Every structure is written in structure tokens, then in C-alpha cells.
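Work through the exercises below with the sequence and model at hand. Try each task before reading its solution.

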Amino acid sequence: WRAISPIRTVYRLLRAAGFFAVAVVLHNGDHLRRGPGSTSADVTWLGTLGVVIEVAVVVLVCQQHRLAPLAAAVTGVTLAAGYVLVHFLPERSWFSDSFTSAADVSPLSWTAASLEVVAALALAVAGLAVLSRRGGLASASRPHPGQLSLREGLLHPLAFSFALSQVVTLAITAAQA
């Protein structure tokens, strides 16, 4: 077993956040491709809330915030479960955009949603690894020496481009409605 340096753990979480951001952009782009009538209002509102959470966790990671590993772990698992609930379980009357119950789902939709689940789980695993490396849950309550300001986190190229892409996606979604 080889010890992982603190710098490598930060990059591990940052790479996972980058993979996650790309997967979210692809999945949300697929929703735009499918059009405004492809999901119910409750799925649209849940997805909008999801976008806010997704952007927030990526910003925390880019900020190297003390809570970033915990947020990545909890958010990653929660979002993966949500994506599975919405897209991969049979049709039901609430929070459902079921691919398994639909007659004709594009391979692009299957790929984008599946990639998003995998990326959310990768984010969770990376968050847990960094959390463990920093000393467990207690590390989330202590200042982290590498933490950047919120402004620096927001201006990180990953956080900035991801947030901007999601604002544009939400604007297009609103305009289509």
C-alpha cells in the first residue's frame, strides 16, 4: 500500500468533479434535445433543484473547501440514487421519466443518464477517499489550509464553465416552456 499525497487527493476529487460536470452537461443537453414536453413538471422542478446542488458541490470542490469531500460523498450518492429513481425504475405518477417503461428511448438518452449515475458515484467515492485521507468526518469541522475564497472557487475554470453552462441550460429550458 502506498500513501497518497495530499495534493493527489485534491486532484482526485477535482478530476471526479470534472467528470461529474461533463456527465451532467451531457445529460441536461439530452433533456434539451428531447424538448420541453418530455418530462413532467415535477421532474423539471426536481432537475432544477438538482442543478443548483450539482453546481454548488463542484464550486466547493474547486474552492478546496473543508466541506467539499463530505459534500461530494453525500451529494454523489444522493444524486446517483435520484437519477436511478427518475430514469431507471418503472413509470410511476411522481418523479418519473422512466426509460424502462418508455417504448422508444434514444441510445443517447440511455448513455447520458447512465454516465451521470457513474459520475455521481465516482464523485462520492473520491469524496470518501479525501475525507478518509483528511481524518474522517472530524476534518469537515476544521479549517482546511488549502481552502480558497468563494470568489476563487467560482472563478476556477471548471466551476465557472460548469455554472455558466447550467445557467444557459436553465434559460433555454425556461424559454422552451
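What radius of gyration would a compact globule with 177 residues have, and what does the chain have?

**Solution.** The model is predicted, so local features need pLDDT of at least 70, side-chain atom pairs count only at pLDDT 80 or more, and totals for chains, interfaces and linings use all residues. Residues are numbered from 1 along each chain as its sequence is written, and side-chain values use heavy atoms, with hydrogens and water left out. Now apply the globule rule, 2.2 Å times the number of residues to the power 0.38, with the radius taken over C-alpha atoms. A compact globule would come out near 16 Å. The chain has 17 Å, which agrees. Along the principal axes, the C-alpha atoms fill a box of roughly 50 × 35 × 25 Å.

**Exercise 2.** Describe the fold and its packing.

**Solution.** Start with DSSP runs, numbered from the N terminus: helices are H or I runs of at least four residues, strands are E runs of at least two. The chain has 6 helices and 0 strands. Its pattern along the sequence is α-α-α-α-α-α. Next, take contacts (heavy atoms within 4.5 Å). Of those between residues at least 6 apart in sequence, 79% join residues at least 24 apart. Then check burial: buried means under 20% relative accessible area, exposed over 50%, partly exposed in between (1.4 Å probe, protein chains only). By that cut-off, 39% of the 177 residues are buried.

**Exercise 3.** Test the length of helix H2 (residues 41–63) against the expected span.

**Solution.** The expected span is 1.5 Å times one less than the number of residues. For the 23 residues of H2 this gives 33 Å. The end C-alpha atoms are 33 Å apart, which agrees. Now look at burial in H2: the buried residues include Val-43, Gly-50, Val-51, Glu-54 and Gln-63. Just after H2, Gln-64 takes a positive phi of about 55 degrees.

**Exercise 4.** How many salt bridges are there?

**Solution.** Side chains of opposite charge can pair when their charged atoms come close. The rule asks for a side-chain nitrogen of Lys or Arg within 4 Å of a carboxyl oxygen of Asp or Glu. The count is 2.

- Arg-33 pairs with Asp-30 at 2.7 Å, N to O. Both sit in helix H1 (residues 6–34), 3 residues apart, about one turn of the helix. Arg-33 is partly exposed because its relative accessible area is 46%. Asp-30 has 2%, so Asp-30 counts as buried.
- Asp-97 pairs with Arg-34 at 2.8 Å, N to O. This pair links distant parts of the chain, 63 residues apart: Asp-97 lies in the loop between helix H3 (68–87) and helix H4 (107–133), Arg-34 in helix H1. Asp-97 is buried because its relative accessible area is 7%. Arg-34, at 24%, is partly exposed.

**Exercise 5.** Which residues form the nonpolar patch on the surface?

**Solution.** Candidates have over 30% relative accessible area and no salt bridge; nonpolar side chains (Val, Leu, Ile, Met, Phe, Trp, Tyr) are joined within 5 Å, like charges within 9 Å. The patch holds Leu-150, Leu-154, Leu-155, Phe-160, Leu-164, Val-168 and Ile-172. Together they have about 620 Å² of accessible area, by the Shrake-Rupley method with a 1.4 Å probe, where only the protein chains shown count as cover for residues. Helices H5 (150–155) and H6 (157–176) each supply at least two residues. H6 gives the most, with 4. Phe-160 is found in H6 and is partly exposed, at 45% relative accessible area.
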